[in-house]
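Got the viewer open? Keep the selection box handy, and we'll walk from stop to stop.

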Amino acid sequence: MNTYKLAVIEGDGIGPEIIQSAIRVLEKVAPQRFGYEKLIVGGVSLDRHGVPITDEAMQACMDSDSVLLGAVGGPQWDNLPGHLRAERALLGIRKELQLFANLRPARLFSMLKAASPLRQDIAERGFDMLILRELTGGIYYGERGRKTDAQGNTIAFDTETYNQTEVDRIARIAFEMARQRRGKVCSVDKANVLESSRLWRERVHIVARDFPDVELSDMLVDNAAMQLVRNPAQFDVLVMANMFGDILSDEASQLTGSIGLLPSASLGEDKRGMYEPIHGSAPDLAGKNLANPLATILSLAMMLKYSFDLPEEAQRIEQAVENTLLKGHRTADIHDNDTQPLGTREMTDKVLQEL
Ligand code: IPM
Ligand code: MG
């Protein structure tokens, strides 16, 4: 039997705890199929090596079959210059591994409707959407800098840039994903103002010609932010530029009840991907056995499905998470007053029992 090489980045804050949960689950569903190489990345790497990620750690990611990541960053590293921020490690891995497609599924579990901040009648209708975020272009990677004008006024700038190849490849994935879901793509942009958005919209419509069976609509990003709260059930696949996806995926996650529930997959042209919860390192919860491990466990399920062709194992994990929630087990972020919240380890035990 082949063993896969997994690069494991615990990172900072709650990272080590949630990664430990995920690995316990992985060993239960696919025992001894994976070898783990733990890499020091993020704030821990800044402390130890003076850089957010070393060349060796980056190379290890490149040589792996996939990367599983907890979270990086924290307040103690927040005042470092831009190129030494812990988040830089994440942006670097995305770019080096060319992981241009970021999948962020957001679904309202029926038993968590009460935890959602949505008005009851809207929550009742539920939602199940996939936010597809372009991940290696746009303003995150465009030219940036500072200069001083003739009056001595300091100017800072960041540039939103997209080329047609970048838009085409993410659009194509959106349509392919929609085919496996409910056949609808909503492309989000700001084409009433931004030239980069006008190219985006143009290209998405050109790619759409190859997918006549998929229904395409366009929506301006400000309207999309509103529609997510007003009528989230209308959405199937939403595709958008890097920063729009960063923002709207946090909004969508909160609609599900907690940011602690949302997994993500970052994919490129080949099988290798990076898998991480969409939440951050939550320094205030770190080391206290309080973090919700479900987003990381669900990220693991995505990894088995997209990178390792193990859809049944993925399905088992997703079902186990759902059953755990159905039985009323809750971590502190999603619990209501009638239940005693479980810790990270105990919640993981419950998921393991369902497997
Ligand atoms: C995310 C995060 C990152 C991003 C940060 C940590 C750089 O917010 O994955 O959504 O902005 O992409
Ligand atoms: Mg974000």
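A polar contact here is a pair of N or O atoms within 3.5 Å; within protein, one must be able to donate a hydrogen and the other to accept it, and residues adjacent in sequence count only if both atoms are side-chain atoms. Before clicking, note that this is a predicted model: local features need pLDDT of at least 70, side-chain atom pairs count only at pLDDT 80 or more, and totals for chains, interfaces and linings use all residues. Residues are numbered from 1 along each chain as its sequence is written, chains are lettered from A and ligands numbered from 1 in the order in which they are written, and side-chain values use heavy atoms, with hydrogens and water left out.

**Stop one: Asp-189.** Select Asp-189, which sits in strand β8 (strands are DSSP runs of E, at least two residues; helices are runs of H or I, at least four; both are numbered from the N terminus). Is Asp-189 buried or exposed? Its relative accessible area is 0%, so Asp-189 is buried (buried means under 20%, exposed over 50%, partly exposed in between, with a 1.4 Å probe and protein chains only). Show the side chain and you'll find a polar contact with the side chain of Arg-201 at 2.8 Å. A polar atom of the Asp-189 side chain also lies 3.0 Å from the backbone nitrogen of Ala-191. Beyond its neighbours within four places in sequence, Asp-189 is in contact (heavy atoms within 4.5 Å) with residues including Trp-200, Met-219, Val-221 and Phe-244.

**Stop two: helix α8.** Now measure C-alpha to C-alpha from Asp-189 to Ala-224: 9.1 Å, for a pair 35 residues apart in sequence. Select 221–230 to get helix α8, where Val-221, Ala-224, Gln-227 and Leu-228 are buried. These four cover an arc of only 105° around the axis, which puts them on the same side of α8 (the arc is that of the directions from the helix axis to the C-beta atoms). An α-helix has 3.6 residues a turn, so residues three or four places apart point the same way. Turn on β5 (128–134), β8 (184–189), β9 (215–220) and α9 (242–255): they are among what covers the buried residues of α8.

**Stop three: a link to the loop.** Stay on α8 and pick Asp-222, which forms a salt bridge with Lys-190, the closest N and O atoms being 3.3 Å apart (a salt bridge is a side-chain nitrogen of Lys or Arg within 4 Å of a carboxyl oxygen of Asp or Glu). Lys-190 lies in the loop between β8 and α7 (195–208) and Asp-222 in helix α8, so the pair ties together parts 32 residues apart in sequence. For a network, select Asp-128, Arg-181, Arg-182 and Asp-236, which salt bridges with shared partners join together.

**Stop four: ligand 1.** Which residues surround ligand 1? Select Glu-87, Leu-90, Arg-94, Arg-104, Arg-133, Tyr-140 and Asp-246 (each has a heavy atom within 4 Å of the ligand). Now check the distances from a ligand oxygen to a side-chain N or O atom: 2.7 Å for Arg-94, 2.9 Å for Arg-133 and 2.5 Å for Tyr-140. The protein covers 77% of the 320 Å² of accessible area that ligand 1 has on its own (Shrake-Rupley method, 1.4 Å probe).

**Last stop: Arg-94.** Zoom in on Arg-94 in helix α4 (residues 87–96). At 5% relative accessibility, Arg-94 counts as buried. Leaving out residues up to four places away in sequence, Arg-94 touches Arg-104, Arg-133, Tyr-141 and Glu-276, among others.
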